[in-house]
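Reader: I have a sequence and a model open on my screen, and I would like to walk through them with you. Could you take my questions one at a time?

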Number of protein chains: 2
Amino acid sequence: MTSLLDKFSKLGVANAPGQESRQKIDDMDLRGENIAGTPVDFSHGDIDAHPPIPGSFEKFAEGFQVGGVQAYTEYRGKQDIREELAEKLSVFSGAPIDAETELILAPGTQGALFLAAGANIGRGDKVAIIEPDYFANRKMVEFFDGELVPIPMDYFGVQSGSGIDLERLEESFKSGVKLFLFSNPNNPTGAVYSRAEIVSIATLAERYNVDVIVDQLYSRQIFSDCEFTHLRSVPELNPENLLTIIGPSKTESLSGFRLGVGFGSSRMIDRMEKLQAIVSLRAAGYCQAVLRQWFSEPAGWMEQRVADHEAIRNDIHGVFSNADGFKLRLGEGGSYLFPKMPKLAISLADFTKALRLQADVIVTPGTEFGPEFGDSFRINFSQDHQAAVEAIHRTIEIVNRYRV
Amino acid sequence: MTSLLDKFSKLGVANAPGQESRQKIDDMDLRGENIAGTPVDFSHGDIDAHPPIPGSFEKFAEGFQVGGVQAYTEYRGKQDIREELAEKLSVFSGAPIDAETELILAPGTQGALFLAAGANIGRGDKVAIIEPDYFANRKMVEFFDGELVPIPMDYFGVQSGSGIDLERLEESFKSGVKLFLFSNPNNPTGAVYSRAEIVSIATLAERYNVDVIVDQLYSRQIFSDCEFTHLRSVPELNPENLLTIIGPSKTESLSGFRLGVGFGSSRMIDRMEKLQAIVSLRAAGYCQAVLRQWFSEPAGWMEQRVADHEAIRNDIHGVFSNADGFKLRLGEGGSYLFPKMPKLAISLADFTKALRLQADVIVTPGTEFGPEFGDSFRINFSQDHQAAVEAIHRTIEIVNRYRV
């Protein structure tokens, strides 16, 4: 019983995005007056500011009309939808996909990640993860009783690429790591791994026979002058040892349908389907039909969506650049930024509460991404452009009030 | 690594409902000609014959229009929807529910079951389950490294009630079982637990401090002259040690939206939400809106739906009663029946394949519900009435061809 209690004590959700409404407000010594402004919840994107792919709802409606065949799909997803996606994703990712054996639909990218983690992590297995990286990666390893092996990433120290410590990665592989799990673009910094880094990861994984799960959720949102290298497109790694994860919840704003995809290793996908059979059976059948619109957006729609986000990123970066004591790596992809603050007189938890109470701004504490990030927070800048920039000004003002 | 392989080798899905299209066809010695008739897939209900609650799609459309607030709900589900449901479900189940702490939405009833199992089963924990009962119960216990303690149910030996062996249940509780997981009405037999049985279960669970998860998925589909007792309505059991699970996927034909609910123990629900945060975040946000139509069906709609199913059940029971060598317990609730066949000259796996190939009828092998049910199969009779009855005639003919 103790171990189950321990496990769930580590699985906190109080600071998780979207859960702020459940936080209890303790008394704290607030400095100064509240700052008025449009509330901004940087913990996730604002799909009202950046609406879903046009035609998504209509695809859902068509799926509903189809009836039973659409409601009760195979656990890995409806066959003709898998076939369409396998074709689109193989073009996108630069390597072929067998729709029958190498692709599975899941309830959201989180759903695909969970199935992949459960399919690969046994008790005591060593799993290498990047710090900082998506918080659920850490939690899933802990839930499945794996052993975390953190790999640092010097995202401030490099001009391009992620700054992953490849020596530490190789050491960890030598020491018996069986799975490497990471996101590209990185969550929370937006750093995109360079081609050289990706080739090195592939080479090391192949040399030490390590399985790899790469979360490429934001790989369609890459900004100007940045090259994105799909791990599965480089020949160094045996494709059966790699699973790629992607989904339409972010750039495409389809999160409300809970759709994600895992593709690559047929061995991993077979297990993921077995797990799916007890986790939630399948991605909601009618929702699966919406995937027909994915990678088939109206001409120019994705380009505009990415350009809109690049413009917001640039303006927010400009605001931080003019603020004293902040450090910000300009991410090359995705909608996250991970600013490092000047030293505060209060805890990070108290700061995020003060920010919410005094400025109506919600951010995700850096400690969700690794224990050493107590001086950072993550923002998802997929927001109304002007509201986001104003909220960053308010955030900086609140930070300044609580500096040591 | 071995343990993970072992685990997944037990998590087979080849015989799971809806997966038949992935079965490989081996050569087998088929007897006689094929029998023509409307194909019937008894592995799950036919929602084209019994369509979703009127107005469901419109609720989804309203949810989509709401936008971001509906897409990004708390992990436990949108607050106002939880409030509506807490009220309806407390009336239905005969005991109060706090919407804030005692109810969670999940991606399907399967999703709720998985979260509940993960929140309660630690490595080595003894879990009592009924044989026969829903196959995923067994698989979840195995996945979470629990220890199965099977409790027999003499469903042929009783006129009413389930026939649960209460002595064995008490012995198992004495021997250290910490969780009892069962479905009422029983899946696959349709047997409804008597009030006396439910009170005994509550009394024993309280006496030995055992947590209980009861899957009442079909508790709205109870046939004439049968009383259904909600476990949570009897005062013997501490409500904090009980979780009830229900969802609109079956009688209400909303499976394509993947919606389920767990309610009761706030301690279990807190953990379930933590698990939800890494499993799939939440039930699809837009789909959650469909729950507004649940328990708010048009006047008379549910009564008609239940009456339609009772009529199909009765006719199928009549056909089996006239067939030689079959034994069938008439279930008092739900859409499942679990006929026992006369002795066959071929394996159950070969029989189900022959039935599919020669008569276009799909059934679920009894061994999915417990190792000793190699002479039984499950049907979900929520089908087109006439097609179902004809398919049962074909099934009996195929059985007769392969009798010893």
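Author: Happy to; the questions below go from the ground rules to symmetry, cores, strands and salt bridges. This is a predicted model, in which local features need pLDDT of at least 70 and side-chain atom pairs count only at pLDDT 80 or more, while totals for chains, interfaces and linings use all residues. Residues are numbered from 1 along each chain as its sequence is written, chains are lettered from A and ligands numbered from 1 in the order in which they are written, and side-chain values use heavy atoms, leaving out hydrogens and water.

Reader: What relation links chain B to chain A?

Author: The copies are superposed by least squares on the C-alpha atoms of residues with pLDDT of at least 70 in both. A turn of 180 degrees and a shift of 0.0 Å along the axis lay chain B on chain A with an RMSD of 0.0 Å. That is the relation of a two-fold axis.

Reader: What percentage of the interface residues of chain B are also interface residues in chain A?

Author: The copies meet through the same surface. The share behind that statement is 100%.

Reader: Which feature does UniProt place at residues 65-387 of chain A?

Author: UniProt positions are given here in the numbering used for this model, feature names are shortened, and annotations may be inferred rather than shown by experiment. Over residues 65-387 the chain is 37% helix and 14% strand, with the end C-alpha atoms 39 Å apart; helices (H or I, at least four residues) and strands (E, at least two) are DSSP runs, numbered from the N terminus. The record, an unreviewed entry, names the feature "domain: Aminotransferase class I/classII large".

Reader: How many residues does the largest nonpolar core have?

Author: A nonpolar core is a set of buried Ala, Val, Leu, Ile, Met, Phe, Trp, Tyr and Cys residues joined through side-chain atoms within 4.5 Å. Buried means under 20% relative accessible area, exposed over 50%, and partly exposed in between (1.4 Å probe, protein chains only). Among the residues with the most contacts inside the largest core are A:Phe180, A:Leu231 and B:Phe182. Its size is 129 residues.

Reader: Which residues does A:Leu231 touch, beyond those up to four places away in sequence?

Author: Contact here means heavy atoms within 4.5 Å. The partners of A:Leu231 are A:Phe182, A:Ile198, A:Ala202, A:Val212, A:Val214, A:Gln216, A:Leu237 and A:Leu242.

Reader: Is strand 7 of chain B mostly covered or mostly open, and how many of its residues are buried?

Author: Strand 7 spans residues 242-246. B:Leu242, B:Thr244 and B:Ile246 point one way, B:Leu243 and B:Ile245 the other. In a regular strand the side chains alternate between the two faces of the sheet. Strand 7 of chain B is mostly covered, with the buried count at five of five.

Reader: Which strand pairs with strand 7 of chain B in the antiparallel sense?

Author: Two strands pair if DSSP finds at least two bridges between them. Strand 6 (residues 211-215) of chain B runs parallel to strand 7, joined by four bridges, and B:Val212 stands opposite B:Leu242. On the antiparallel pairing there are also four bridges, with B:Thr244 opposite B:Phe263. That partner is strand 8 (residues 260-264) of chain B.

Reader: Which strands stand at the edges of the open sheet 9-12-11 in chain A?

Author: Three strands form this sheet with antiparallel pairing. Two bridges join strand 11 to strand 12, and A:Thr364 stands opposite A:Arg378 in strand 12. Each edge strand has a single partner, so one side of each is left without a neighbour in the sheet: these are strand 9 and strand 11 of chain A.

Reader: How far apart in sequence are the parts tied together by B:Arg292 and B:Asp80?

Author: These residues form a salt bridge (a side-chain nitrogen of Lys or Arg within 4 Å of a carboxyl oxygen of Asp or Glu), with the closest N and O atoms 3.0 Å apart. B:Arg292 lies in the loop between helix 10 (285-288) and helix 11 (301-321) and B:Asp80 in helix 4 (residues 79-93), so the pair ties together parts separated in sequence by 212 residues.

Reader: Is B:Lys7 buried or exposed?

Author: B:Lys7 meets B:Asp145 in a salt bridge at 3.3 Å, N to O. B:Asp145 is partly exposed at 25% relative accessibility. At 17%, B:Lys7 counts as buried.

Reader: How many salt bridges are there over all chains?

Author: Another of them joins A:Lys340 and A:Asp375 at 3.7 Å, N to O, linking parts of the chain 35 residues apart. Over all chains, the count comes to 44.
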